[in-house]
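Work through the exercises below with the model open. Each one gives a task, then a stepwise solution.

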Amino acid sequence: MPLVTEPNLDAPDDFYEALIDTHRDLSPEASHALNARLILLLANHIGRLDVLRQALALARAGADTP
Amino acid sequence: MRDPLYSATGAEIQATAFAYRRSPDQDAAVPVRHPVVVVGAGPVGLSLAIDLAQRGQRVLLLDNDCKLSTGSRAICFAKRTLEVWDRLGVGQALVDKGVRWHVGKVFFREEQLYQFDLLPETGHERPAFINLQQYYVEACLVARARELPNLEIRWHNTVAALAQEGDVVRLGIDTPEGRYELRADHVVACDGSRSPIRQLMGLESKGRVFKDRFLIADVRMQADFPAERWFWFDPPFHPGQSVLLHMQPDGVWRIDFQLGWDADPEVEKRPENIVPRVQALLRAAAASKGGEPQPDSLPGFELEWASVYTFACLRMDSFRHGRVLFAGDAAHGVSPFGARGANSGVQDADNLAWKLDRVLRGQSPGALLDSYAREREYAADENLLNSTRATDFITPKSEISRLFRDATLALAREHGFARRMVNSGRLSVPATLDNSPLNTPDRDAFMGLMRPGAPAADAPLRIDGRDTWLLRELGPDFTLLCWGPVPHWMLELPLKVLVLEPANDPEEWLSRRYDLRPGTAYLLRPDQHVCARWRHPAPEAVHAALARACALH
């Protein structure tokens, strides 16, 4: 099953603001820890390893180029 | 007269020194030839030697030392290992001595995160695990070995030189009285993680060393912890590190404290540095029952043994090199989380003995030994994967790895999905040998887990009015397990045919585990792995499957 990268958020700007707002007043370290928890929560919701692997690969793309 | 080692105490066993005895081989005019020489009298070498001797082979077992293990070392012995040891005649003695357990609890900081049950079903003769100090296991195996007249153990015999020439292995062996030479048709190296034989042959075991250290201690104390495996992440009594607690026989507890890479092993092993850690653990346990404990109300304890270890996950590329085979830690090393070291080594021995026996008798070609290597390399990879993953979780090696590990632990308090991801060790289960060349792929549809390559699941049976267990009823060689009335030709097959019916299986464990219907037959190997199964086999199919499982086709 392919990872959905077409627009799928029902309220993109609301989500974007909520994401930034969730990090309000946190130190960078605390924010990184939050992000890790968020990834795990969302990954479990998605569930399928093949979809998750595609997302991981897309996120990784470009990370190794200087 | 029962061998005294069966009932010796831990102290007696650890004090035992076996005598060097000069062998007539050392005075022979020409080097004496042995069919098989096993090197290393640890749990794996002893199990292999006993199995081969039970099959009628003349076995020489060499050990470069004269003593058994000091300290508890490998303590968790899995159900499959116990089933192998039943076949070797020592299972009951070890189960009687050992502490049974099947429940594990995982704690994070002050709270329990979750618990798991390794044998949630009944209908098995043996428990999920027993805990028993390695020296008890070795003593029992040596006692059993001494009952077998065709098994000879030579202590203080060190293999110092090895060369393969044609159809023989030449060995140079050092003893207190100098060197002598032997010849062997086959040599099996069960000589541990540093494997002198592997080094003599210029071979490597490759993988990854983990930059961490653990202190392991045997502590004799009166403590009312239950017989459960307890694992702590970041407990208040050992902040930022992990701790593992196991009950052993004789009121001795095994405690593993993670120390970190920068710890100095010599400093950490000192009793004055271990005692406070144990006291902190006991204080925390007392406090969790309520109230602040008085210092002198804590149970007293005695430190029996301590060691600091590091660990690696690695294996040899191939476990077979001509007439030299490798088994146990000599072939593969794992981190201890999950108890996959000694347990997989004993399964190596279980896999090898019947194959080597057939090859020595000329009943199968040497290619059968290649299947030992392929099957056990596959199993080692499974063990390496599991133990590496556990190690990464318990001792994260990068900032980001630790970040995700801590995120998982934080979420695990509230959420079941995260508890499932917490990895304090995936406990040893025997590998299903999928893709083995010895398996006959299924043609018929079956439910359940007993596919070709699977280790046969046990089940309670009632046969001729007595209660028994499936694994006790299998032959030492191949067995055809049949359900329902069988055609006449089956009873004339050159192997043990076990014909069972519903009256033998009153609680239906067998028929459910094996998805049995009238006419179903399972071909089981000498090591009790399934290699073929059918709904209504034709004679040609059974003969073909048997030949395939023996590398004869």
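**Exercise 1.** Find the sign of phi at G62(A), just after α3(A). Then check the length and the surroundings of helix α3 of chain A.

*Solution.*
- Step 1. Phi of G62(A) is positive, at about 90 degrees. Note that the model is a predicted one.
- Step 2. Helix α3 of chain A covers residues 49–60, which is 12 residues. The rise is 1.5 Å a residue, and the expected span uses one less than the number of residues. That gives 16 Å for α3 of chain A.
- Step 3. The end C-alpha atoms of this helix are 16 Å apart, so span and expectation agree.
- Step 4. Count the buried residues of α3(A), with 20 or more C-beta neighbours within 10 Å as the cut-off. The number is 0, so α3(A) lies largely in the open.

**Exercise 2.** Describe how helix α2 of chain A and helix α11 of chain B cross.

*Solution.*
- Step 1. Two packed helices are described by the angle between their axes and the distance between the axes.
- Step 2. Take α2 (residues 28–46) of chain A and α11 (residues 399–412) of chain B. Their axes come within 9 Å and cross at roughly 65 degrees.
- Step 3. Angles of 65 to 115 degrees count as roughly perpendicular. α2(A) and α11(B) are therefore roughly perpendicular to each other.
- Step 4. The crossing of α2(A) past α11(B) is right-handed.
- Step 5. Now list the contact. α2(A) supplies H32(A), A33(A), A36(A), R37(A), L40(A) and L41(A). α11(B) supplies L403(B), F404(B), D406(B), A407(B), T408(B), A410(B) and L411(B).
- Step 6. Sort the residues of this helix contact: 9 are nonpolar, 2 polar and 2 charged.

**Exercise 3.** How many residues of chain A are in contact with chain B, and of what kinds are they?

*Solution.*
- Step 1. Count both sides: 7 residues of chain A are in contact with 9 residues of chain B.
- Step 2. Sort the chain A side: 4 nonpolar, 2 polar and 1 charged.

**Exercise 4.** Place R73(B) and Q528(B) in their loops, and decide whether each is buried or exposed.

*Solution.*
- Step 1. R73(B) sits in the loop between β2 (59–62) and β3 (76–78) of chain B. Its phi is positive, near 50 degrees, and R73(B) is not a glycine.
- Step 2. R73(B) has 22 C-beta neighbours inside 10 Å, so it counts as buried.
- Step 3. Q528(B) belongs to the loop between β24 (521–524) and β25 (530–534) of chain B. Q528(B), a residue other than glycine, has a positive phi of about 65 degrees.
- Step 4. Q528(B) counts as buried because it has 22 C-beta neighbours inside 10 Å.

Definitions and conventions: Residues are numbered from 1 along each chain as its sequence is written. Chains are lettered from A and ligands numbered from 1 in the order in which they are written. This is a predicted model: local features need pLDDT of at least 70, side-chain atom pairs count only at pLDDT 80 or more; totals for chains, interfaces and linings use all residues. Helices (H or I, at least four residues) and strands (E, at least two) are DSSP runs, numbered from the N terminus. A residue is buried if 20 or more other C-beta atoms lie within 10 Å of its own, exposed if 12 or fewer, and partly exposed in between; C-beta atoms are placed from the backbone. Two residues are in contact if their C-beta atoms, placed from the backbone, lie within 7 Å. Ala, Val, Leu, Ile, Met, Phe, Trp, Tyr, Cys and Pro count as nonpolar, Asp, Glu, Lys and Arg as charged, and the others, Gly among them, as polar. Axes are lines fitted to C-alpha atoms, for helices over the stretch in contact, and angles run from 0 to 180 degrees between N-to-C directions. Angles under 35 degrees count as roughly parallel, over 145 as roughly antiparallel, 65 to 115 as roughly perpendicular and the rest as oblique. A crossing is left-handed if the near helix is turned anticlockwise from the far one by less than a right angle, and right-handed if clockwise.
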